Amino acid sequence: MKRLLSTGEILIIVIVALIPIFASFPYRINIFLSWEGAYRLYLGQTPFKDFGMPVGYMYWVIPAMFFKIFGPQMITLIKAQAFINICSGLAVRSIFKSMGVQPAVRFSAVLVFCLSYTFFNYWPWYNNTVIMYELVGLAFLMKYIFSNAAGKWKYLLLVASGFFIFCSFFTKQDGGALGFLIATALLGYLALAQKQWMPLMIFLGSVLVTGLALILPVTGSFGYWFNHGQPPHSSRMSMGDILGDFLGASQWIKFYILLIVLLLMVGIKNWKEFWLDKQKMIFTLLTFGMLAQATIFQVTSYVPVDNNIFFHSFAFAFLLSLLAMLLPISFDTWKPVLITTAVVLLWWSHVYWRYIDRFILKSGGETYTTMTHEGLVYANVVNRNTYMIHQDSTDIPLDQWRVPKLKSFERIMMPNPTVDGIERLMNMDLVKNNKNLKVLNMSELTPLAAEIPFALETGPEYPLWFHKGVGMFDKETDMFVKRIQDKHYDLVLFEYIPYLNNFYPFKVREALQANYRKVDSFTAPRKPSSSAWVEVYVKP
């Protein structure tokens, strides 16, 4: 049974990760950033010298490697994320295995992780890549803590842990810093309880050396992008927001804390013995650390929603392990394994049900519609699907999206008006007859750099993305305004999103309207698709 469960864990991890690479996808908002960062590294550009960004560059390393293997298409990002998901799943499995979690409990916890976390993350984003690096770092750390091997070679596990924990930090500061604190707390426990200070020192030294190795070669404008000399800047860390989200929401996190505290109160007979029990203490500290990280991460990294739900599998594994110790429950037979698996599948059924409903059962069903005004189809049918009338008749449903006939957008669907606009752009005489166009592309259609093609601007002052107050600041905004006033660009694409606060700086658009001629405008690849436009500007 143990061998079958172990094989089943690996199969679940791999299959759930690989399923998305065989599908087609609607264009994902914000994915333009993943593509351009990976594309710049693919071209050989150097972070903080050829472009700047307020985070580390480790997020783009894996997608750039996949660009080298499969080519710089949007769909390659899906393949890169499949690899990231496999690494995450194997790391979680390794963590539980190192801590001696029973095979049946471990199998259930891995299933929870795949359903609750990796299944959602089929597009790469730094808010889940940061967790992958952290999990790999913690896997090496657990391997060290619970390994029976002796000798100096064992310390290589600590070195590897420090390396990946810093990679996590150099992907996203908030998640990486929290992962560093969790790892430091675990090694701090060993130092206090078992007087083992050397592992903590080796780990901290590995983090420091890795940081120097990744930062020193790219020190061009590194300090500026990390908030030295770039006012105004505001921190996303707000204790009020953290407390508000925790006390006002976070139902699952608080529920897990309640159950864990109750079970620990029942299970701990002697606190000193519990403190000296390395396996129990490490498992407890790790679980509470993951819950604390999820509480903070949901505030500091709030896009996409639910990107902090990696905590479910850790809390679930810990609770099952506590129950197995306190109650006469044996997970050594198939019956509890099958029951637990069935309950987990029922618990997370909302994850896969919509795909079963859409593609297997194909239940179209009536939906709210504007057709009720005309007495058609469901005009006399009022139920939970039709009681509301869809007011936004300009939004474009997914059945009116299609894939552009461009290699970079292979298997990526966009609204028909967006594709029509891209085709008009590609057929412009200016685009077809000029080989060295100077282009400013402030839109989500970043793969056009490979399709037109045009050279991406470089320089330590040039931002990787144009979100005002996040990826660029007043200095960069003024730089683009000056270049527009000087008619520096032959072609400018500007995405106007009025409901987002300076996602692309409004000041740049005002400069374009004053100095350039708008020749086209088409729907941006977003939902709702009626509320954002890509505007095409040329020199007057």
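A residue counts as buried when its relative accessible area is under 20%, as exposed when that area is over 50%, and as partly exposed in between. The structure discussed here is a predicted model, and this scale can be applied to several of its residues.

Arg411 has a relative accessibility of 22%, and therefore counts as partly exposed. This residue lies in the loop between β2 (401-402) and β3 (412-415), and its phi is near 65°, a positive value in a residue other than glycine. Asn502, which is found in the loop between β5 (491-496) and α22 (506-515), also has a positive phi, near 55°, without being a glycine. A further backbone feature is the cis peptide bond that joins Ile452 and Pro453, with omega at about -20°; Pro453 is placed in the loop between α20 (448-451) and α21 (474-485).

Turning to the interior, the largest nonpolar core has 170 residues, of which Trp60, Met99, Leu286, Leu448 and Phe480 touch the most other members. Helix α6 (residues 126-146) gives the most to this core, with 14 residues. If neighbours within four places in sequence are left aside, Leu286 is in contact with Ile95, Met99, Leu138, Met142, Ile182, Leu186 and Phe314.

On the surface, a nonpolar patch with about 990 Å² of accessible area together is formed by eleven residues, among them Trp252, Phe255, Met265 and Leu326. Two elements, α12 (251-267) and α15 (311-326), give two or more residues to the patch, and the largest share, seven residues, comes from α12. Leu326 belongs to helix α15 and counts as partly exposed, because its relative accessibility is 31%.

Aromatic rings form another theme, since a search of the whole structure finds 44 aromatic pairs. Two of them are set side by side below.

| Pair | Distance between centres | Angle between planes | Arrangement |
|---|---|---|---|
| Tyr57 and Phe170 | 5.1 Å | 75° | edge-to-face |
| Phe180 and Phe203 | 6.0 Å | 20° | stacked |

The pair of Tyr57 and Phe170 links distant parts of the chain, 113 residues apart, with Tyr57 in the loop between α2 (31-42) and α3 (58-70) and Phe170 in the loop between α7 (155-169) and α8 (173-194). Tyr57 counts as buried at 13% relative accessibility, and Phe170 counts as buried at 1%. In the stacked pair, Phe180 in helix α8 and Phe203 in helix α9 (residues 198-215) are 23 residues apart; Phe180 is partly exposed at 26%, whereas Phe203 is buried at 0%. Finally, one aromatic cluster is formed by Trp252, Phe255, Tyr256, Phe311, Phe316, Trp347 and Trp348.

Terms used
Residues numbered from 1 in each chain as written. Predicted model: local features only at pLDDT ≥ 70, side-chain atom pairs only at ≥ 80, totals over all residues. Heavy atoms only, no water. Patch = residues over 30% accessible without salt bridge, like charges linked within 9 Å, V, L, I, M, F, W, Y side chains within 5 Å. Areas by Shrake-Rupley, 256 points an atom, 1.4 Å probe, with all protein chains shown as cover. Salt bridge = Lys/Arg side-chain N within 4 Å of Asp/Glu carboxyl O. Helix = DSSP H or I, 4+ residues; strand = E, 2+ residues; numbered from the N terminus. Buried < 20%, exposed > 50% of the residue type's maximum accessible area, 1.4 Å probe, protein only. Core = buried A, V, L, I, M, F, W, Y, C linked by side-chain atoms within 4.5 Å. Contact = heavy atoms within 4.5 Å. Phe/Tyr/Trp six-rings, centres within 6.5 Å; stacked < 30°, edge-to-face > 60°.
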